[in-house]
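User: I should like a close look at a single part of the structure shown below. Please give one connected account that a newcomer can follow.

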Amino acid sequence: MLIGELSRRTGVSTRLLRYYEEQGLLEARRGPNGYREYDEDSVVTVRQVRALLKAGLSTEVIRTVLPCARGEQPGFDWCAELREVLQGELAALDDRIDGLMRSRSTLAGYLTQP
């Protein structure tokens with residue numbers, strides 16, 4: 001299928017699909033006319049990428065995780081180091097949340113001052 005069809009089927013803009021390809025998240029063949037051509041599995045791949053982005057993962061981490069992803073949700077085949085990567089991302093997210101909570105507390109404290 002061409003990029004426009006993949007865009008329609010996934011609800012993702014053609015611009016983002018080209019970006020995913022640049023980031024190594026999506027593969028396209030080039031037809032004789034130079035147009036990008038995607039196979040049926042690309043629909044699932046795009047949905048996996050969207051779900052992983054929604055979980056807060058960067059495209060760099062997704063590139064590492066994607067080969068182990070299965071299904072649109074996605075689920076995972078626990079391939080080498082995958083659990084460690086996801087635990088590292090979770091720990092980093094917890095650290096950011098803690099920092100935001102400290103900032104929030106400080107800001108709230110300013111608002112209680114006369």
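Leaving aside its neighbours within four places in sequence, which residues is V49 in contact with?

Analyst: Leaving aside neighbours within four places in sequence, V49 is in contact with Y20, L25, I62 and L66, where contact means heavy atoms within 4.5 Å. The model is predicted, so local features need pLDDT of at least 70 and side-chain atom pairs count only at pLDDT 80 or more, while totals for chains, interfaces and linings use all residues. Residues are numbered from 1 along each chain as its sequence is written, and side-chain values use heavy atoms, with hydrogens and water left out.

V49 belongs to helix α3; helices (H or I, at least four residues) and strands (E, at least two) are DSSP runs, numbered from the N terminus. V49 counts as buried because its relative accessibility is 1%, buried being under 20% relative accessible area, exposed over 50% and partly exposed in between, with a 1.4 Å probe and protein chains only. From V49 to Q73 there are 24 residues in sequence, and their C-alpha atoms are 9.6 Å apart in space.

The helix that holds V49 may be described next. α3 has 14 residues, which at 1.5 Å a residue should span 20 Å, and its end C-alpha atoms are indeed 20 Å apart; the expected span is 1.5 Å times one less than the number of residues. The buried residues of α3 are S42, V43, T45, V46, Q48, V49 and L52. Their cover includes the helices α1, α2 and α4, together with β3 (69–70) and β4 (75–76). Just after α3, G56 adopts a positive phi of about 95 degrees.

Two polar residues of this helix, S42 and Q48, illustrate the surroundings. S42 is buried because its relative accessibility is 4%, and beyond residues up to four places away in sequence it touches L6, L26 and E27. Q48 is buried as well, at 5% relative accessibility. Outside its neighbours within four places in sequence, Q48 is in contact with L66, A69, R70, G71, E72 and P74. Q48 and I62 are separated by 14 residues in sequence and by 9.2 Å, C-alpha to C-alpha.

L25, one of the contacts of V49, lies in the loop between α2 and β1 (29–30). With a relative accessible area of 4%, L25 is buried. Apart from neighbours within four places in sequence, L25 is in contact with Y20, T45, V49, T59, I62, R63 and L66. L25 and E72 are 47 residues apart in sequence, and 15 Å lie between their C-alpha atoms.

Y20, another contact of V49, leads to the packing of α2 against α3. There, L16, L17 and Y20 in α2 meet V46, V49, R50 and L53 in α3. By class, this contact has six nonpolar residues, no polar residue and one charged residue; Ala, Val, Leu, Ile, Met, Phe, Trp, Tyr, Cys and Pro count as nonpolar, Asp, Glu, Lys and Arg as charged, and the others, Gly among them, as polar. The two helices pack at an angle of about 85 degrees, with their axes 12 Å apart. Axes are lines fitted to C-alpha atoms, for helices over the stretch in contact, and angles run from 0 to 180 degrees between N-to-C directions. α2 and α3 are therefore roughly perpendicular to each other; angles of 65 to 115 degrees count as such, under 35 as roughly parallel, over 145 as roughly antiparallel and the rest as oblique.

α2 also packs against α1, at an angle of about 105 degrees and with the axes 9 Å apart. That makes α1 roughly perpendicular to α2. In this contact, I3, G4, L6 and S7 in α1 meet T14, L17 and R18 in α2.

Finally, the largest nonpolar core has 20 residues, of which L6, L17, Y20, L26, V46, I62 and L66 touch the most other members. Such a core is a set of buried Ala, Val, Leu, Ile, Met, Phe, Trp, Tyr and Cys residues joined through side-chain atoms within 4.5 Å. At least two of its residues come from each of α1 (3–10), α2 (14–22), α3 (41–54) and α4 (59–65). The largest share, four residues, is supplied by α3. In soluble globular proteins, nonpolar side chains tend to be buried together.
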